[in-house]
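Reader: I'd like a close look at one part here, the buried side of things, and how the rest of the chain sits around that. Could you walk me through it in one go, with the numbers I'd want before setting anything up?

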Amino acid sequence: MPQAGGPVTARQVGETLGVDVSVKSKLEALRGKLIRLTDRCWLRKQPDGRFTTRL
């Protein structure tokens, strides 16, 4: 995400990782993983649902 230059959505992360983002179940699983990283203070989730790195 540092190369993104700003907040990203789970869909953008999935596209970068090569996940099939047209399948909603795969996108929801990725979003769950991002939320777990947020709980561990590796990422920060913004109110609009986008994720950023924690500085």
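Author: Let's get one term out of the way: two residues are in contact when they have heavy atoms within 4.5 Å of each other. Also keep in mind that this is a predicted model.

With that cut-off, start at T52. Skip its neighbours within four places in sequence, and T52 touches P7, L43, R44 and Q46. T52 sits in strand β2, which covers residues 51-53. Its relative accessible area is 8%, and buried means under 20%, so T52 counts as buried.

Now zoom out for a moment. The protein chain has two helices and two strands, and starting from the N terminus they come in the order α-α-β-β. The radius of gyration is 11 Å, close to the 10 Å that the globule rule gives for 55 residues, so the chain is as compact as a globular protein of that length. If you're thinking about box dimensions, the C-alpha trace spans about 30 × 20 × 20 Å along its principal axes. Of the 55 residues, 22% are buried. The chain exposes about 4,000 Å², with 54% of that coming from carbon and sulfur atoms. And if you take contacts between residues at least 6 apart in sequence, 24% of them join residues at least 24 apart.

Back to the inside, then. Which residues make up the largest nonpolar core? There are nine: V8, A10, V13, V21, L27, L30, L34, L43 and F51. Two elements, α1 and α2, give two or more residues each to this core. Of the contributors, α2 gives the most, with three residues.

Take α1 next, residues 10-17. Its buried residues are A10, V13 and G14. Seen around the axis, they cover an arc of only 100°, which puts them on the same side of α1. Part of what covers those buried residues is α2, which runs 24-39. Right after α1 comes G18, with a positive phi near 85°.

In the loop between α1 and α2 you'll find V21, which is also one of the core residues. Is V21 buried or exposed? At 15% relative accessibility, V21 counts as buried. Leaving out neighbours within four places in sequence, V21 is in contact with R11, G14, E15 and L27. Two of those names have come up already: G14 is a buried residue of α1, and L27 is part of the core. From V21 back to A10 it's eleven residues along the sequence, and 9.1 Å from C-alpha to C-alpha.

Moving on to the loop between α2 and β1 (43-45), there's C41. Its phi is near 70°, which is a positive value in a residue other than glycine. With a relative accessibility of 46%, C41 counts as partly exposed. L43, another member of the core, is one of the residues T52 touches.

What about charges? How many salt bridges does the structure hold? There are two. One pairs E28 with R31, where the closest N and O atoms are 2.5 Å apart. Both E28 and R31 belong to helix α2 and are three residues apart, about one turn of the helix. On accessibility, E28 comes in at 39% and counts as partly exposed, while R31 is at 26% and counts as partly exposed too. The other bridge joins the side chains of R50 and D48, at 2.8 Å from N to O. R50 has 30% relative accessibility, so R50 counts as partly exposed.

One last stop, at the start of the chain: G6 is in the segment before α1. With a relative accessible area of 26%, G6 is partly exposed. G6 and D48 are 42 residues apart along the chain, and their C-alpha atoms are separated by 13 Å. D48 is the partner of R50 in that second bridge. And P7, among the contacts of T52, brings us back to where we started.

Definitions and conventions:
Residues are numbered from 1 along each chain as its sequence is written. This is a predicted model: local features need pLDDT of at least 70, side-chain atom pairs count only at pLDDT 80 or more; totals for chains, interfaces and linings use all residues. Side-chain values use heavy atoms; hydrogens and water are left out. Buried means under 20% relative accessible area, exposed over 50%, partly exposed in between (1.4 Å probe, protein chains only). Helices (H or I, at least four residues) and strands (E, at least two) are DSSP runs, numbered from the N terminus. The arc is that of the directions from the helix axis to the C-beta atoms. A nonpolar core is a set of buried Ala, Val, Leu, Ile, Met, Phe, Trp, Tyr and Cys residues joined through side-chain atoms within 4.5 Å. The radius of gyration is taken over C-alpha atoms; the globule rule is 2.2 Å times the number of residues to the power 0.38. Accessible areas come from the Shrake-Rupley method with a 1.4 Å probe; for residues, only the protein chains shown count as cover. A salt bridge is a side-chain nitrogen of Lys or Arg within 4 Å of a carboxyl oxygen of Asp or Glu.
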